[in-house]
Amino acid sequence: MRYYPVFDNLFDDFFTTDSQGTSSVMKTDIVEKDGNYELSIEMPGVKKEDIQMELKDGYLKVTASHNTNKEDKDREGRIIRQERVSGSYSRSFYVGNDVRTEDVKASFDNGELIVTVPKEAPKKIEENKFIPIE
């Protein structure tokens with residue numbers, strides 16, 4: 001899934017809904033792949049540095065913000081057109097209480113965030129601990 005944003009109506013992308021009232025922002029596909037879940041999340045108009053992910057109490061929360069400020073000025077430096085678009089959105093996924101931060105992998109390319117979460121938390125390796133005799 002690749003998302004190529006349409007720039008002529010970028011402002012509308014943040015507020016439009018489909019026939020069921022679902023927002024068109026952060027559409028997500030989840031597939032099972034190689035013993036993991038792979039989440040493909042569309043994030044139109046968002047830069048990589050504006051995305052945050054948090055793992056807390058078994059929930060993975062993805063948050064993004066978008067701020068754009070464009071100005072067109074005439075030859076004398078007066079503003080003739082100014083456009084400001086801002087918005088933030090988030091999405092949460094239950095991934096399980098045993099999943100740790102280091103188990104989650106993420107990459108961002110061309111408006112799409114790919115998050116890989118293990119289907120089952122890796123088993124903890126117990127080290128042999130010897131009990132000293134006093």
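Glu-120 is a good place to start: with a relative accessibility of 63%, this residue counts as exposed, because exposed means over 50%. You will find Glu-120 in the segment that follows strand β7. Now look for Gly-96 as well. Glu-120 and Gly-96 lie 24 residues apart in sequence, and their C-alpha atoms are 8.4 Å apart in space. Keep in mind as you explore that this is a predicted model.

From Glu-120, step back along the chain into β7, which covers residues 112-118. Strand β7 runs antiparallel to β6, and five bridges join the two. One pair you can look up is Asp-109, whose bridge partner in β7 is Glu-112. In general, strands of a sheet pair through backbone hydrogen bonds, in either a parallel or an antiparallel way.

Next, let us widen the view to the sheet that holds these strands. Four strands make up this open sheet, in the order β1-β2-β7-β6, and their pairing is antiparallel. Which strands stand at the edges? They are β1 (28-33) and β6 (105-109); each has a single partner strand, so one side of each is left without a neighbour in the sheet. On average, neighbouring strands here are turned by 15° against each other, direction ignored.

Finally, how confident is the predictor? The mean pLDDT of the protein is 78, and 73% of its residues reach 70 or more. Residues 3-23, however, have a pLDDT below 50, and in the model this stretch makes 21 contacts beyond near neighbours in sequence. Where pLDDT is low, the predicted coordinates should not be read in detail.

Key:
Residues numbered from 1 in each chain as written. Predicted model: local features only at pLDDT ≥ 70, side-chain atom pairs only at ≥ 80, totals over all residues. Heavy atoms only, no water. Pairing = 2+ DSSP bridges. Axes fitted to C-alpha atoms, helices over the stretch in contact; angles between N-to-C directions. pLDDT = per-residue confidence, 0-100. Contact = heavy atoms within 4.5 Å. Buried < 20%, exposed > 50% of the residue type's maximum accessible area, 1.4 Å probe, protein only.
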